[in-house]
Amino acid sequence: MDSEIKEEIPVHEEFILCCGVETQVLKCGPWTDLLNDQSANRPKLLIFIITDPNAQEIKDIYGLHGQVEHKLAFLRTHVPKEMKLVVIGHSIGCYVALQILKRAPELPIIRSFLLFPTIERMSESPNGRIATPLLCWLRYILYVSSYLLLKPCPEKIKSWLLSVVLQKMNVQSDFPLLNLLEPFCLVNAAYLGSQEMMEVVKRDNETIKEHLPKLTFYYGTIDPWCPKEYYEDIKKDFPEGDIRLCEKKIPHAFTLHFYQEMADMVADWLKDDLSQIETETEGNKD
């Protein structure tokens with residue numbers, strides 16, 4: 001069954017220039033150029049997934065504000081204006097998704113799924129209390145040590161170290177992950193993390209209220225980045241919202257081992273929206 005799905009829905013990796021920065025894009029589907037493809041088989045809906053992030057035309061491209069602007073630039077440059085969008089965010093990607101809704105009301109976003117959302121009080125969360133001093137005050141030690149230890153390290157050794165770690169974690173990947181051990185990536189990730197701790201403080205209730213009908217929140221019961229207390233608070237503030245609590249004890253980093261379960265759930269949630277799009281398409285043909 002899985003092999004059949006992979007054959008029907010190819011996944012490929014591309015690198016494009018967006019805002020002057022080489023940007024990795026993983027595409028699922030046979031389409032390569034949505035802007036110039038005017039065939040009848042062109043999809044009517046694009047699902048845009050914003051993961052937990054690891055330009056030069058954008059100020060501070062590797063900071064939190066720059067990352068939001070980078071995603072907006074990608075959507076405005078590489079996606080047809082009339083194409084309907086479903087935005088899926090995970091962790092800090094949920095903050096980015098809300099910012100996209102806030103800053104780009106012209107985008108035809110019909111739904112947004114916010115999975116394990118870190119959209120408030122990050123530094124006060126259990127993990128945040130540990131990460132904040134490390135990222136905000138001690139990250140310069142990481143900068144120095146990563147360049148001293150990893151920069152001169154041969155590629156073969158870094159590849160072996162990474163394979164050992166992934167094997168211990170029982171994680172497989174179809175794409176190379178060697179850049180995880182690049183000092184440049186580690187430094188930028190730590191810098192972005194420090195901004196998250198400092199800037200993701202107050203929940204953006206105004207944006208949530210404005211777009212509530214198209215939002216689905218999914219909180220974990222064992223999530224040290226957005227504990228159950230955060231779910232209870234937002235549920236109290238927005239009782240009419242589609243705000244769900246995980247009953248399967250799926251961890252915050254679900255992409256490591258629970259990606260299939262999450263994919264199945266989100267696909268199930270999307271059924272009504274897809275049916276509506278198909279109905280509208282058939283109506284336009286008539």
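The exercises below work through the sheet, one helix, the salt bridges and a few single residues of this structure.

The model is predicted, so local features need pLDDT of at least 70 and side-chain atom pairs count only at pLDDT 80 or more, while totals for chains, interfaces and linings use all residues. Residues are numbered from 1 along each chain as its sequence is written, and side-chain values use heavy atoms, with hydrogens and water left out.

**Exercise 1. The sheet**

Task: Work out in which order the strands of the open sheet are arranged, and which strands are at its edges.

Solution. Begin with the terms: helices (H or I, at least four residues) and strands (E, at least two) are DSSP runs, numbered from the N terminus, and two strands pair if DSSP finds at least two bridges between them. The open sheet has 5 strands in the order β3-β4-β5-β6-β7, with parallel pairing. Its edge strands are β3 (45–50) and β7 (242–245), each of which pairs on one side only. From one strand to the next, the twist averages 15 degrees. As background, the strands of a sheet pair through backbone hydrogen bonds, either parallel or antiparallel.

Next, follow the pairs across the sheet:

- β3 and β4 run parallel and are joined by 6 bridges, and F48 stands opposite V87 in β4.
- β4 and β5 also pair in the parallel sense, over 6 bridges; V86 stands opposite R111 in β5, and the bridge partner of I88 in β5 is F113.
- β6 (residues 215–219) pairs with β7 in the parallel sense over 4 bridges, with D242 in β7 as the bridge partner of T216.

Finally, ask how enclosed β4 and β5 are, where buried means under 20% relative accessible area, exposed over 50%, and partly exposed in between (1.4 Å probe, protein chains only). In β4, 6 of the 7 residues are buried, so this strand is largely enclosed by the rest of the structure. In β5, 6 of the 7 residues are buried, so β5 is largely enclosed by the rest of the structure.

**Exercise 2. Helix α2**

Task: Check the length of helix α2 (residues 64–78) against its expected span, and find what its buried residues pack against.

Solution. The expected span of a helix is 1.5 Å times one less than its number of residues. For the 15 residues of α2 this gives 21 Å, and because the end C-alpha atoms are 21 Å apart, the two values agree. The buried residues of α2 include L64, V68, L72 and L75. An α-helix has 3.6 residues a turn, so residues three or four places apart point the same way. The buried residues of α2 pack against β1 (11–18), β2 (21–28), β3, β4 (84–90), α3 (92–103) and α7 (183–199), where contact means heavy atoms within 4.5 Å.

**Exercise 3. Salt bridges**

Task: Describe which parts of the chain are linked by the salt bridges of R76 and R203.

Solution. A salt bridge is a side-chain nitrogen of Lys or Arg within 4 Å of a carboxyl oxygen of Asp or Glu, and by this rule the count comes to 10. R76 forms one with E106, their closest N and O atoms being 3.2 Å apart. This pair links distant parts of the chain, since R76 is in helix α2 and E106 in the loop between α3 and β5, 30 residues apart. At 42% relative accessibility, R76 counts as partly exposed.

R203 forms a salt bridge with D237, with the closest N and O atoms 2.9 Å apart. R203 lies in the loop between α7 and α8 (205–211) and D237 in helix α9, so the pair ties together parts that are 34 residues apart in sequence. R203 is buried at 9% relative accessibility, whereas D237 is partly exposed at 42%. Salt bridges that share partners join E120, R121, R203, E229, D233 and D237 into one network.

**Exercise 4. Single residues**

Task: Decide whether S125, C136 and C246 are buried or exposed, and state how many disulfides the structure holds.

Solution. S125 sits in the loop between β5 (109–115) and α4 (126–136) and is buried, with a relative accessible area of 0%. Not counting residues up to four places away in sequence, S125 touches P224, W225, P227 and Y230. C136 is buried at 15% relative accessible area, and C246 is buried at 2%. A disulfide is a pair of cysteine sulfur atoms within 2.5 Å, and a search of the whole structure finds 0 of them.

Terms used:
Axes are lines fitted to C-alpha atoms, for helices over the stretch in contact, and angles run from 0 to 180 degrees between N-to-C directions.
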